[in-house]
Amino acid sequence: MKFTPLRRALVATASIAAAALALTGCSGFGGSGSNSGSKVTITFLTQNDSADRAQGKALIAAFEKKYPDISVKMDTQPAGTQGDNLMKTKLSTKTMDNVFHYNSGSLFQALNPKTSMVDISGESWVKDLDKNFKDVVSVGDKVYGAPLGTSSAGGILYNKKIYKQLGLSIPTTWDEFIANSKKIASADPSVTPILQSFGDTWTSQLLVLGDFANINKQDPDWADNYTYNKGDAKYVNQPAFEGFQHTAEITADGLVNKDYASMTNAQAMDALASGKAAQYPMLTSSMATVQQDNPDAVNDIGVFAIPSPNAQYTSLTLWEPNALYISSTTKDDKLDASKKFLAFANSPAGCAVQDKTGAVAGPYATSACKLPSSAPGFTQDVQKYIDDDAASPALEFKSPIKGPNLETILVAVGSGSTSAATGAKQYDQDVKAQAQQLGIKGW
Amino acid sequence: MTSAAVHIEGKPTAKTPQAPKKDRRRGIRSPYPSWFYIPAGALYLIFFAVPTFSSFYFALTRWTLFSQQFIGFGNFVQFFQTPALTQGFINTFIYGFVTSAAKVILGLALALLLTNPIFGRGYLRAVVFFPVLVSTVGVGLTFKALLDPFHGVVNQVLGFFHLPQPGWYTDPHLALLTVAGVDIWKGVGIATLIFMAGIVAIPSDYFEAARVDGAGSFKVFRSITLPLVRPAMATVIILSLIGGLRSFDLIWAMTNGGPGFSSDVIASVIYKQYQAGFFGLSTAGNVILFLVVTAIMVPVQWFLNRKEADL
């Protein structure tokens, strides 16, 4: 190809124009303090579901009332894997809001907090944080997140009325759980013993993820060995394999609802609350649906830990609350305002907002907030496990690695199209891919 | 600029005498000044050329958006170890060929019907074409509701007549075919339209001559319509096969590749890897998908065009 001088000049101009275009696309979002009088405006990013939106609005209203010279603008984005990618994109292109609401634990670690967030270890409210929570929003000894909302537990939600009617007691071993389920099935064939809701695929993971406290009790080093690829801490080996076995077993034994393949989480919570089903492996945070749709039935539902095959290991798995973070692009007076916003969320006034608007699913992660006396009954079940020292955070808070295909693999295992052993093998492969992507040593 | 132009700028040779040179140059020169191309060229460069070529590089890295590490062909090795990748490949081919074949057959049948003077032809043409205008995701969600195994209209009607009520998209053996069926419903309109244009373009003299020679309807179809709509058929096959092989939106809206991995196609496998943050790995998957689609489409196109030239 030969260029005439005119053409060469044009190509040069075009490439400069192109470069300029590319640059303008990335600049101008520095977010550094632009002083418009004494009033500071900060932005706050939360998820676009109705519960998070309502909580964000209420929190902002209360905050602006206390600090009239700060105004907070709320932005929303979808949750789930799509939201994960949006978070990463916004942080790496420096277009993130000043304050953002996101998961703690492994998802938080994947955001590269050291460069993308502001260290807030020096704030006064940090000393009130629960130790477990502090760990899951920290890198090294630096704290980056402030809790918003309560922790929740992953266990078996059960209908207390049905248990009372049939004279069943809380199972402490997996065999007792299966025996209870069979009794429920034979007592009234119209009542589903165990609900599964693969219409929302994430719900398929509970019997595996919610079993982690049992694994941890049996082998406290399991999470560490799993993270650094040491020993036989794999899902194909016991004790971790039992979660896959349980997922396959309840379907093979015909103990689940026959529309398990299409039922959604909300439909399942409704079936549980109305007594059409007796038990549901689920997170207590899903109780928000019952609080909204069947408020009268809230106290009919309790929770117990997913039973281990061995009673001495049975313990409850806890999920830490999500947190508020400040992006590292926030500077000067916006940074001050953002820090005030985080402190406010963990002050008595902020706790009052959380009590009112957030779905209470378990204890708070900071001693600054206390559960109200009106908290639903199942929160006392959760508290009891914590008081008895029979509870531990889920694996995603102890290890940065969680394979992205777990829910899909477990749907296949739970519908019987893949065996438990094959599913566990596939998941180990998935874990390896994630570990390599994260650049963890030992893989 | 083509090599011919370069050649002309050099010394004239015996093969390119002086006189035609100017003409050819004028022929190559476009009527627009060069700066006219800058906006389009810049956009093409930024949004197509740069991403395409950088994707070949990023396919060789472990990339987190924050940082990247060159790992050679590691991503390609890993991509081929993905669980259910084989299933994904098989599903892609099943989906591509089933939808393409059905669109050709149904499209031709509908086009024959709708080019004949039948009652309400204009209305029926609109009805057949209508699904093409609706958003694919909208169609997916609508059919998901209609085909719900327990609360969906279709199964309730089947239940009323005491017929079996299959789990359309919850039965692992059926899910892929269900989605393919919806894809056919949605895409057959465009195939019909292309076939109708092909049929209408056949001169009516041929039909009259055939009738005079005593050919029946079937003979007319086989010996006149079918050979002469071949260019239209080639277009339909190529469009629907490309569409089927890289289809994603409808599958994602209806099943997310599930239940399990039973309706995963390559595109949804790649999308899930992208969602999981495996940016290097999913880019490698896209490079592979690009090669596979090219490897299938180039021979198909060559074959169909050769047939066309034979006519």
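**Exercise 1. The contact between the chains**

Describe the side of chain B that touches chain A, by residue count, by element and by residue class.

Solution. Step 1: in this predicted model, 34 residues of chain B are in contact with 37 residues of chain A.

Step 2: the elements of chain B that give two or more residues to this side are α1 (3–9), α3 (38–58), α4 (74–81) and α14 (266–275). With 5 residues, α3(B) gives the most.

Step 3: by class, the side of chain B that touches chain A has 17 nonpolar, 13 polar and 4 charged residues.

**Exercise 2. Chain B as a whole**

State how many helices and strands chain B has, what share of its residues is buried, and what share of its contacts joins residues at least 24 apart.

Solution. Step 1: there are 15 helices and 2 strands in chain B.

Step 2: chain B has 311 residues, of which 33% count as buried.

Step 3: take the contacts in chain B between residues at least 6 apart in sequence; 68% of them join residues at least 24 apart.

**Exercise 3. Two helices of chain B packed together**

Work out how α9(B) is oriented relative to α12(B), and list the residues through which α9(B) and α12(B) meet.

Solution. Step 1: α12(B) covers residues 230–245, 16 in number, and reaches 22 Å from its first C-alpha to its last. This is close to the 22 Å expected at 1.5 Å a residue.

Step 2: α9(B), residues 175–200, packs against α12(B) at an angle of about 165°, and the axes are 8 Å apart. Angles over 145 degrees count as roughly antiparallel, so α9(B) is roughly antiparallel to α12(B). The crossing of α9(B) past α12(B) is right-handed.

Step 3: from α9(B) come Gly187(B), Ala191(B), Ile194(B), Phe195(B), Ala197(B) and Gly198(B). They meet Pro231(B), Ala232(B), Thr235(B), Val236(B), Ser240(B) and Gly243(B) of α12(B). The contact of α9(B) with α12(B) has 7 nonpolar, 5 polar and no charged residues.

Step 4: the buried residues of α12(B) include Ala232(B), Val236(B) and Ser240(B), which are also among the residues that meet α9(B). Met233(B), Leu241(B), Gly244(B) and Leu245(B) in α12(B) are buried as well.

**Exercise 4. A helix with little cover**

How many residues of α10(B) are buried, and which residue just after α10(B) takes a positive phi?

Solution. Step 1: α10(B) runs over residues 204–212, and the count of buried residues among these 9 is 0. The helix is hardly covered.

Step 2: Gly214(B), just after α10(B), has a positive phi of about 90°.

**Exercise 5. Positive phi outside glycine**

For His162(B) and Asn256(B), give phi, the loop and the exposure class.

Solution. Step 1: His162(B) is not a glycine, yet its phi is positive, about 55°. Its place is the loop between α8 (153–160) and α9 of chain B. His162(B) counts as exposed because it has 7 C-beta neighbours inside 10 Å.

Step 2: Asn256(B), also a residue other than glycine, has a positive phi near 55°. Asn256(B) lies between α13 (249–254) and α14 of chain B, in the loop. Asn256(B) has 18 C-beta neighbours inside 10 Å and therefore counts as partly exposed.

**Exercise 6. Around two helices of chain A**

Locate the cis peptide bond that involves Pro239(A), classify the crossing of α12(A) and α18(A), and describe the surroundings of Ile409(A).

Solution. Step 1: the cis peptide bond joins Gln238(A) and Pro239(A), with omega about 5°. Pro239(A) is in the loop between α11 (222–227) and α12 of chain A.

Step 2: the axes of α12(A), residues 241–252, and α18(A), residues 406–414, come within 8 Å and cross at roughly 40°. That angle makes α12(A) oblique to α18(A).

Step 3: Phe244(A), Thr247(A), Ala248(A) and Thr251(A) of α12(A) meet Leu410(A), Val413(A) and Gly414(A) of α18(A). The contact of α12(A) with α18(A) divides into 4 nonpolar, 3 polar and no charged residues.

Step 4: Ile409(A) is in α18(A). Ile409(A) counts as buried because it has 29 C-beta neighbours inside 10 Å. Leaving aside residues up to four places away in sequence, Ile409(A) touches Gly423(A), Gln426(A) and Tyr427(A). From Ile409(A) to Gln426(A) is 17 residues in sequence and 7.5 Å in space, C-alpha to C-alpha.

Conventions
Residues are numbered from 1 along each chain as its sequence is written. Chains are lettered from A and ligands numbered from 1 in the order in which they are written. This is a predicted model: local features need pLDDT of at least 70, side-chain atom pairs count only at pLDDT 80 or more; totals for chains, interfaces and linings use all residues. A residue is buried if 20 or more other C-beta atoms lie within 10 Å of its own, exposed if 12 or fewer, and partly exposed in between; C-beta atoms are placed from the backbone. Helices (H or I, at least four residues) and strands (E, at least two) are DSSP runs, numbered from the N terminus. The expected span of a helix is 1.5 Å times one less than its number of residues. Axes are lines fitted to C-alpha atoms, for helices over the stretch in contact, and angles run from 0 to 180 degrees between N-to-C directions. Angles under 35 degrees count as roughly parallel, over 145 as roughly antiparallel, 65 to 115 as roughly perpendicular and the rest as oblique. A crossing is left-handed if the near helix is turned anticlockwise from the far one by less than a right angle, and right-handed if clockwise. Two residues are in contact if their C-beta atoms, placed from the backbone, lie within 7 Å. Ala, Val, Leu, Ile, Met, Phe, Trp, Tyr, Cys and Pro count as nonpolar, Asp, Glu, Lys and Arg as charged, and the others, Gly among them, as polar.
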